[in-house]
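Please open the model in a viewer with residue selection enabled. The tour below proceeds stop by stop, stating what to select and what is found there.

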Amino acid sequence: MKKLKTVYDYIIVGGGSAGSALANRISADSKNKVLVLEAGRPDYWWDVFIHMPAALTFPIGSRFYDWMYVSEPEPHMNNRRITQGRGKVLGGSSSINGMIFQRGNPLDYQRWASDPGMSTWDYAHCLPYFKRLENCLAAGSNDEYRGHDGPLVQERGPVKNPLFGAFFEAVQQAGHQLTTDVNGFKQEGFAAFDRNVRRGRRLSAARAYLHPVMHRKNLTVMCRALVTN
């Protein structure tokens, strides 16, 4: 095992969505020496299974990209074991998921905030951070619920296929409502999704947060580095 010669101020275990964002933020201060340890493979720029949106079915369930976790036998599901795909690659599950971007429902955050010591987890406190992480291309510049300066660029799905129109018409006939933005003022309803795709390529957390700052001398990213206790 190769011995590290550098002393780091911060060691981040896991280069997934949270680890990528943390590494970006902490290493922004040049005084902090940051090491990211990712157990999986690098997200090579030429890897079409990661970066081509239409190839998303290939990495999920592949031992090269997915930890391939399964649940315990579920007694109320005839003892079936449910597959839980989790990314084993730089960017974590954001490198293998379906690229749909959706915030939690505001009422969930309100319920969290009602617990003792959790008052700052209400939606009003979380919203500035939601806006800070994103650049929503479909939202207007004066939209108070969406951000435009964050690293995670979001494109709105084009929904040009006639089947989308038929689907939206059908849900209204069934008594449901449409909404203009599932991450905006009114989440309930049917609408086109935001997606983590930019110029035809997947925009994972690693591509949004890590790769743009890889040049920082105080940031080191090591892949295929499994941490054990």
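Begin by selecting A225, which is found in the segment after strand 11 (219–223); helices (H or I, at least four residues) and strands (E, at least two) are DSSP runs, numbered from the N terminus. The model is a predicted one, in which local features need pLDDT of at least 70 and side-chain atom pairs count only at pLDDT 80 or more, while totals for chains, interfaces and linings use all residues. Residues are numbered from 1 along each chain as its sequence is written, and side-chain values use heavy atoms, with hydrogens and water left out.

A225 is buried, its relative accessible area being 15%; buried means under 20% relative accessible area, exposed over 50%, and partly exposed in between (1.4 Å probe, protein chains only). Add L37, E38 and A39 to the selection: A225 touches these residues, not counting residues up to four places away in sequence, where contact means heavy atoms within 4.5 Å. Then display G14, whose C-alpha atom is separated by 9.2 Å from that of A225, although the two are 211 residues apart along the chain.

Next, select I12, A23, I26, V34, V36, L90, A206, L210, V213 and L219, the 10 residues of the largest nonpolar core. Such a core is a set of buried Ala, Val, Leu, Ile, Met, Phe, Trp, Tyr and Cys residues joined through side-chain atoms within 4.5 Å. Helix 1 (17–27), strand 2 (34–38) and helix 6 (205–210) are the elements that give two or more residues to this core. Centre the view on I26, which touches Y10, I12, N32 and V34, not counting residues up to four places away in sequence. A second, separate core has 7 residues, among them A21, L152, V153 and L203.

Now turn to the aromatic rings. The structure holds 12 aromatic pairs; rings of Phe, Tyr and Trp (its six-membered ring) pair if their centres lie within 6.5 Å, with planes under 30 degrees apart counted as stacked, over 60 as edge-to-face and the rest as tilted. Select Y109 and F130, an edge-to-face pair at 5.5 Å centre to centre with 65 degrees between the planes. This pair links distant parts of the chain, since Y109 belongs to helix 3 (residues 106–113) and F130 to helix 4 (residues 123–133), 21 residues apart. Both Y109 and F130 are buried. Extend the selection to W112, W121 and Y123, which ring pairs link with Y109 and F130 into a cluster.

F130 leads on to the largest pocket, which has a volume of about 850 Å³. On a 1 Å grid over the protein atoms alone, a pocket is an open set of points with protein on both sides within 12 Å along at least five of seven lines, and lining residues have an atom within 4 Å of a point. Grid points are joined across faces, edges and corners, and a volume is the space filled by probe spheres set on the points. Of the 26 lining residues, A21, Y129, F130, L133 and Y209 are the closest to the centre of this pocket. Helix 1, strand 5 (100–101), helix 4 and helix 6 each supply at least two residues of its lining.

Finish with two loop residues. M68, in the loop between helix 2 (48–51) and strand 3 (69–70), has a positive phi near 55 degrees and is partly exposed at 41% relative accessible area. N78, in the loop between strand 3 and strand 4 (83–84), has a positive phi near 60 degrees and is exposed at 72% relative accessibility.

Key
1 Å grid on protein atoms, 1.4 Å probe; cavity = no way out; pocket = protein on both sides within 12 Å on 5 of 7 lines; lining within 4 Å.
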